[in-house]
Amino acid sequence: MLRFFALRLGRALLTIVLVVTFAFVVLRLSGDPALMIMGPEAPPEVIAAFRKAWGLDEPIWIQYFDYFGAIAQGELGRSMRDGRPAIALVAERIPATLALTLPALLIKVGLGIPAGIYAALHRGSAIDRAVMVAAVAGFTVPSFVLALLLVLIFAVQLGWLPSGGQDSWRHAILPIFTLGVGGAAVLARFTRSAMLEILGQHYIRTASAKGVPWRAVVTNHALPNAAIPTVTIVGFMVGSLIAGAVVVESVFSWPGVGRLLVVAVANRDLAVVQCILLLVALTMVTSNLIVDFLYGFLDPRLRTRTGSA
Amino acid sequence: MTAPLVQARGLKKIYVTRRGLFGRLSHVRAVDDVSFEIAKGETLGLVGESGSGKSTTGRLVLGFETVDGGEAKFDGAALPAIGSDAWRAQRARAQMIYQDPLGALDRRLTILQQVREPLDIHSIGDRAGRDQVALELLRSVDLSAEHGRRYPGELSGGQRQRAVLARALATRPDFLVCDEPVSALDVSIQAQVVNLLCDLQAKLSLTMLFISHDLRVVRQVSQRVAVMYLGQIVETGSADDLFAEPLHPYTRALVSASPAPGRRSATRIVLQGDPPNPANRPSGCAFHPRCPNAMPKCRVEQPVVSQPNATRSVACHLYADGEAGRSAA
Amino acid sequence: MTQVVISNTEARARKKWRWPALPTSVVIALCWIALMLVLACFSEVIAPYGFTKLDLRNRLAPPLTPGHWLGTDELGRDVLSRLVFSIRVSLLIAFGATIISATIGTTLGFLAAHFRRWVEQIVLMLADFQASMPFLILALSVLAFFGNSLVLLVGLMGLFGWERYARISRGLAISANAQGYAAAIRQLGAKPPRVYFTHILPNIASTLIVSMTLVFPEVILLESGLSFLGLGVQPPMTSLGNMVGYGREYLTRAPWIMLCPAATIVLTTLAISVIGDWLRDKLDPTLK
């Protein structure tokens with residue numbers, strides 16, 4: 001068991017290392033980092049100090065390690081727009097993003113998983129077909145289209161809800177709904193197919209033939225086995241919360257991390273971009289680790305020492 | 001006397017496995033000090049259970065895997081390194097056919113295309129004539145042009161194995177290793193394919209190493225037979241001699257288990273104990289836990305190979321002092 | 001030599017190839033895609049106007065105005081024409097990207113399967129990395145650092161999804177190498193290129209193609225999203241996502257500017273998914 005976690009932790013660290021390397025490589029390839037991070041208008045002494053701090057006059061290997069060191073110490077540069085540290089800028093936007101993505105996650109899980117399970121258990125029924133249609137829609141309708149459609153209907157035509165900004169709790173309804181419904185549809189479809197695959201297995205039929213009531217078969221056999229792939233995909237959704245929020249925040253002018261990223265990319269505000277990139281990597285890796293941890297509980301095969309991975 | 005075509009001397013092949021990431025290493029001696037020779041035009045049968053190392057021996061002798069000890073020679077020369085140009089060129093002279101013909105064939109190409117392929121690979125003959133040659137090859141294994149137009153999935157097991165055989169013979173190899181070629185076929189089809197092999201053997205003066213666990217088939221095809229147990233050869237001799245008068249207790253058990261008409265039906269010898277596991281070799285003589293004639297010496301010392309007469313050899317303590325065939329109860 | 005008689009029981013007769021029975025949804029999907037392809041190929045001929053042509057007297061004209069079947073936008077540009085050209089750009093990028101990523105992925109997968117050891121480890125590591133980071137974020141980072149150009153965009157999209165092809169091709173190549181026809185061919189003396197391209201690739205092509213139909217719609221969605229945010233295809237070039245981005249400003253007054261390209265995105269993605277699902281069922285029922 002310990003070995004299992006050590007491996008997973010190693011892999012997580014490796015991913016972070018790769019992301020930092022990716023940022024480093026891309027940064028170096030695209031021009032003079034000092035100018036890019038500090039901005040062309042920065043005074044020459046600031047640039048020189050930056051160069052010194054980041055060791056930009058030293059060989060590339062040293063620079064690489066220094067880069068790591070700097071990141072670890074939280075020195076991620078300053079935003080070009082207002083000169084404030086990138087980390088501060090990003091950090092102050094995180095609550096806004098969470099205000100959207102966490103409720104959305106609840107919708108995805110709370111709506112998607114039960115819908116998927118129900119659809120699998122009542123195959124061919126009206127709900128099953130509805131779930132499949134919704135799932136397809138969730139996949140093919142991009143979030144910005146869904147967002148704009150909702151704005152068109154609710155904000156423009158019906159005038160019930162505001163279309164942008166962050167002034168009141170009402171402003172959060174449409175963005176949360178957009179995020180949640182799309183993800184719920186995908187999760188529903190996924191859960192449905194995972195359940196269907198398990199329900200088709202021999203041991204389910206055996207349990208049922210033994211006389212175990214169907215409800216118990218589902219609860220004790222089908223659901224726990226379906227939990228494993230479902231947990232994986234929920235973990236992935238958690239890890240990509242920020243990525244999902246990028247478009248929605250932009251459409252609704254919601255001042256969160258996603259919107260910050262878009263603006264930063266447009267302005268080539270590299271310190272901020274770099275910071276968000278690392279934040280996403282961290283989120284992803286952490287949620288994967290938690291998922292792996294949960295695996296250990298959910299899948300007894302992983303608990304035994306001699307089980308082959 | 002001309003030099004033998006295939007020579008194996010002290011062949012060893014060890015597989016190293018590790019239990020888990022930090023577990024102990026375990027060495028599996030798949031082939032342990034195997035020596036034999038095959039003369040030109042001769043067929044040597046290699047008999048044994050699964051886990052005896054016979055398939056591995058076949059692969060070592062062809063140079064499909066590297067030996068961990070000893071050496072194998074083909075036509076007097078050492079085997080070239082795997083994957084080298086010389087190795088690839090040698091493929092035209094030495095080939096192997098396996099138990100599963102469907103796995104060895106590409107489902108997307110017709111039989112004719114696949115039988116023709118070795119000619120393309122080794123650039124034999126001119127391009128225009130290769131289809132003709134391939135058709136000839138098909139005919140030599142009793143497959144028609146119609147069969148050639150079909151895909152592997154559309155043929156029966158016996159037909160597929162014959163197609164594989166045709167492909168293996170495309171480059172007119174001198175040496176053919178057959179690794180359980182008929183084990184997956186129905187018994188009636190087995191007979192057809194085995195008869196075909198015998199015919200081809202005679203017509204093309206093929207040198208063959210015929211690997212199987214089925215004694216009756218081996219007997220039909222081979223002139224000489226070697227019996228393997230847990231990576232070692234325990235007995236060799238001519239096919240007739242071996243079956244008429246098996247020396248090694250293991251051979252005796254094998255022979256008694258396979259019915260043959262005209263032989264006095266002796267009581268069947270049933271081996272006790274666990275089937276052989278190469279990962280867990282018994283000490284001394286590997287067969288001693290199951291041997292009905294085991295002596296205290298057998299647990300401690302590995303038997304040396306002795307030759308009761310010119311054409312037989314056996315590795316057993318019962319014959320260790322050179323006496324010929326001490327009969328056991 | 002005995003003559004073998006071919007009896008019907010021994011060898012199955014060769015089946016005649018017939019048109020496979022297509023479900024209605026697939027037929028409709030194919031028709032839509034065909035329409036899209038026609039529009040993309042013959043944009044200049046079909047579009048009534050150039051996509052930058054201004055008609056300032058007819059600004060924000062609703063659909064079914066004579067001369068402008070789908071209306072005009074805020075600069076008087078004909079929506080239908082812009083739509084047709086956008087389809088071409090979006091489809092081109094999606095095609096290019098899919099083919100690039102399939103090529104890169106399959107090649108890396110084959111290299112990993114062939115050389116094993118450290119080459120394989122590196123490829124797997126990269127694949128893991130790609131799969132674990134949301135591609136949108138990576139793409140945005142690259143765009144921030146490198147600026148924007150069409151070549152960069154296509155190249156960037158071409159890195160989307162390569163890890164899926166790599167995993168598939170590596171897995172199938174390894175199993176083919178271990179105990180299948182590939183091992184047999186190699187033992188006949190064939191050189192590696194022959195093994196991979198004449199034998200392995202045709203056998204895994206159907207699986208790869210199914211993957212391509214799954215990746216293709218995602219590329220369209222990705223590119224649309226980026227263009228919508230103003231970070232993808234840049235003006236004066238127009239793409240579907242671009243148009244939706246423009247239409248956002250005029251959502252209240254002229255929703256058709258946004259609705260037409262949005263509908264096209266949804267329908268095209270839907271059509272390819274339907275075809276992909278059907279292909280997957282047909283070609284490889286073992287895949288899920």
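Student: In this predicted model, which residues count as contacts of Ser211(C), leaving aside neighbours within four places in sequence?
Tutor: Arg164(C), Tyr165(C) and Ile168(C). The cut-off is C-beta atoms within 7 Å, so each of these meets it against Ser211(C). Ser211(C) itself sits in helix H9 (residues 192-228) of chain C.

Student: Is Ser211(C) buried or exposed, and how do you know that?
Tutor: Count its C-beta neighbours inside 10 Å: there are 25. Buried takes 20 or more, so Ser211(C) counts as buried.

Student: What is the C-alpha separation of Ser211(C) and Gly276(C)?
Tutor: It's 8.1 Å, although the two are 65 residues apart along the chain.

Student: Over to chain A. Why is H5(A) called oblique to H13(A)?
Tutor: The axes of H5 (residues 86-121) and H13 (residues 270-298) of chain A cross at roughly 55° and come within 9 Å. Roughly parallel needs under 35 degrees and roughly perpendicular runs from 65 to 115, so this angle fits neither and H5(A) is oblique to H13(A). The crossing is right-handed.

Student: What makes up the contact by class?
Tutor: Nine nonpolar residues, no polar and no charged ones. Ala86(A), Ile87(A), Leu89(A) and Val90(A) come from H5(A), while H13(A) brings Ala271(A), Val272(A), Cys275(A), Ile276(A) and Leu279(A).

Student: Which elements of chain C have the lowest and highest mean pLDDT?
Tutor: Helix H2 (residues 43-46) is lowest at 78, and helix H3 (residues 79-115) is highest at 91. Chain C averages 83, with 91% of the residues scoring at least 70. Over residues 5-13 of chain C, though, the pLDDT is below 50.

Conventions. Residues are numbered from 1 along each chain as its sequence is written. Chains are lettered from A and ligands numbered from 1 in the order in which they are written. This is a predicted model: local features need pLDDT of at least 70, side-chain atom pairs count only at pLDDT 80 or more; totals for chains, interfaces and linings use all residues. Axes are lines fitted to C-alpha atoms, for helices over the stretch in contact, and angles run from 0 to 180 degrees between N-to-C directions. Helices (H or I, at least four residues) and strands (E, at least two) are DSSP runs, numbered from the N terminus. Angles under 35 degrees count as roughly parallel, over 145 as roughly antiparallel, 65 to 115 as roughly perpendicular and the rest as oblique. A crossing is left-handed if the near helix is turned anticlockwise from the far one by less than a right angle, and right-handed if clockwise. Two residues are in contact if their C-beta atoms, placed from the backbone, lie within 7 Å. Ala, Val, Leu, Ile, Met, Phe, Trp, Tyr, Cys and Pro count as nonpolar, Asp, Glu, Lys and Arg as charged, and the others, Gly among them, as polar. pLDDT is the predictor's confidence in each residue, from 0 to 100. A residue is buried if 20 or more other C-beta atoms lie within 10 Å of its own, exposed if 12 or fewer, and partly exposed in between; C-beta atoms are placed from the backbone.
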